[in-house]
Amino acid sequence: MATGRTHRPATRSRGIPEATVARLPLYLRALTALSERSVPTVSSEELAAAAGVNSAKLRKDFSYLGSYGTRGVGYDVEYLVYQISRELGLTQDWPVVIVGIGNLGAALANYGGFASRGFRVAALIDADPAMAGKPVAGIPVQHADELEKIVEDNGVSIGVIATPAGAAQQVCDRLVAAGVTSILNFAPTVLSVPDGVDVRKVDLSIELQILAFHEQRKAGEEAAAAADGGVPHVAARKESADKGPDGDVPAVMPA
């Protein structure tokens, strides 16, 4: 079986925009659910609704893949699953190491979705000597001293960092020096990496803060509407008017 070290996905070479790449997993998740229900075809409107985008954007995204569907029939679900999986590089084996096996790292190790989506957890690594040899999700934890050897022996190109913030950059540097070229960072810090290394950051606290902002705004609009005798707040009406044709971004961004 091919490994992540020897094969790379073709998205950049084919000129697919990063925004489209970011939506492909959403389409794949929706299509996989349809496939599991043995649904043979799906319209662009139905698939767009399931993925949380508008149908025009979906059709544009699929045009980059060379998929245009059939008028009156829609898209072939199984073919699209294969096509998107291939484009994302999920038709091959991607060995992954998780560094930092605290509560979050252990939860990631136990996540069953990795294997079903083409990612194999090749190793779990932690700096605590007391963790060495302890099985997590059926995989024995290895000490951080072995990081470079583990990466080389398993042909790892994707690393997951779930360490405390203070240790994340050092771990990142070691992963990169060992040959890892893609990093998923759960540590609450910004990592510095050289050109050619991709980093995706997942910060749950930031996402919660954004939700708190929206909750506060909604509460303020409801209070203003109540004060106006039930008339919707002007800010709410203006926001709707400022939305672009897709309904999710301003038509003209502020300078």
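Two strands are taken to pair where DSSP finds at least two bridges between them. In the predicted model analysed here, this criterion yields an open sheet of seven strands with mixed pairing, in the order β5-β6-β4-β3-β7-β8-β9. The edge positions are held by β5 (135-136) and β9 (198-201), each of which pairs on one side only. Strand β4 (residues 119-126) runs parallel to β6 (residues 139-143), and three bridges join the two. Within this pairing, Leu 124 stands opposite Val 141 of β6. Helix α7 (residues 147-154) packs on the sheet, where it touches β3 (94-99), β4 and β6. The direction of α7 makes about 165 degrees with that of β4; an angle over 145 degrees counts as roughly antiparallel.

Strand β3 is flanked in the sheet order by β4 and β7. Six bridges join β3 to β4, and these two strands run parallel. Trp 94 of β3 has Phe 119 as its bridge partner in β4. On the side of β7, the pairing is likewise in the parallel sense, extending over four bridges, and Val 96 stands opposite Ile 158 of β7. Strand β3 is mostly covered, six of its six residues being buried. In a regular strand the side chains alternate between the two faces of the sheet. In β3, Trp 94, Val 96 and Ile 98 point one way, whereas Pro 95, Val 97 and Val 99 point the other way, and all are buried. Helix α8 (165-178) lies across β3, β7 (158-161) and β8, and runs at about 170 degrees to β7.

The loop that follows α8 leads to β8 (182-185) and contains Gly 179. This glycine is partly exposed, with a relative accessible area of 26%. Gly 179 and Glu 152 are 27 residues apart along the chain, yet their C-alpha atoms are separated by 7.7 Å.

Attention then turns to the nonpolar cores. The largest nonpolar core comprises 22 residues, of which Tyr 27, Leu 31, Val 42, Leu 47, Leu 58, Phe 62 and Ile 84 touch the most other members. Helices α1 (18-36), α2 (44-51), α3 (55-65) and α4 (77-88) each supply at least two residues of this core, and the largest share, seven residues, comes from α1. A second, separate core of 20 residues includes Ile 125, Val 151, Val 180 and Ala 187. Beyond its neighbours within four places in sequence, Ile 84 is in contact with Leu 24, Tyr 27, Leu 28, Leu 31, Phe 62 and Leu 65.

Helix α4 also carries Gln 83. With a relative accessibility of 1%, Gln 83 counts as buried, because the threshold for that class is under 20%. When residues up to four places away in sequence are not counted, Gln 83 touches Leu 65, Gly 66 and Ser 67.

The axes of α2 and α3 come within 8 Å and cross at roughly 100 degrees. The two helices are therefore roughly perpendicular, since this class covers angles of 65 to 115 degrees. From α2, the contact is made by Ser 44, Glu 45, Leu 47 and Ala 48, and from α3 by Ser 55, Leu 58, Arg 59 and Phe 62. The residues of this contact divide into four nonpolar, two polar and two charged. Leu 47, Leu 58 and Phe 62 belong both to this contact and to the residues that touch the most other members of the largest core.

Two loop residues are notable for their backbone conformation. Most residues other than glycine have a negative phi. Ser 38, by contrast, has a positive phi, near 60 degrees. Ser 38 is placed in the loop between α1 and β1 (41-42) and is exposed, with a relative accessible area of 63%. Ala 137 also has a positive phi, near 55 degrees, and is found in the loop between β5 and β6. At 40% relative accessibility, Ala 137 counts as partly exposed.

Key. Residues numbered from 1 in each chain as written. Predicted model: local features only at pLDDT ≥ 70, side-chain atom pairs only at ≥ 80, totals over all residues. Heavy atoms only, no water. Core = buried A, V, L, I, M, F, W, Y, C linked by side-chain atoms within 4.5 Å. Buried < 20%, exposed > 50% of the residue type's maximum accessible area, 1.4 Å probe, protein only. Contact = heavy atoms within 4.5 Å. Axes fitted to C-alpha atoms, helices over the stretch in contact; angles between N-to-C directions. Parallel < 35°, antiparallel > 145°, perpendicular 65-115°, else oblique. Nonpolar A, V, L, I, M, F, W, Y, C, P; charged D, E, K, R; others polar.
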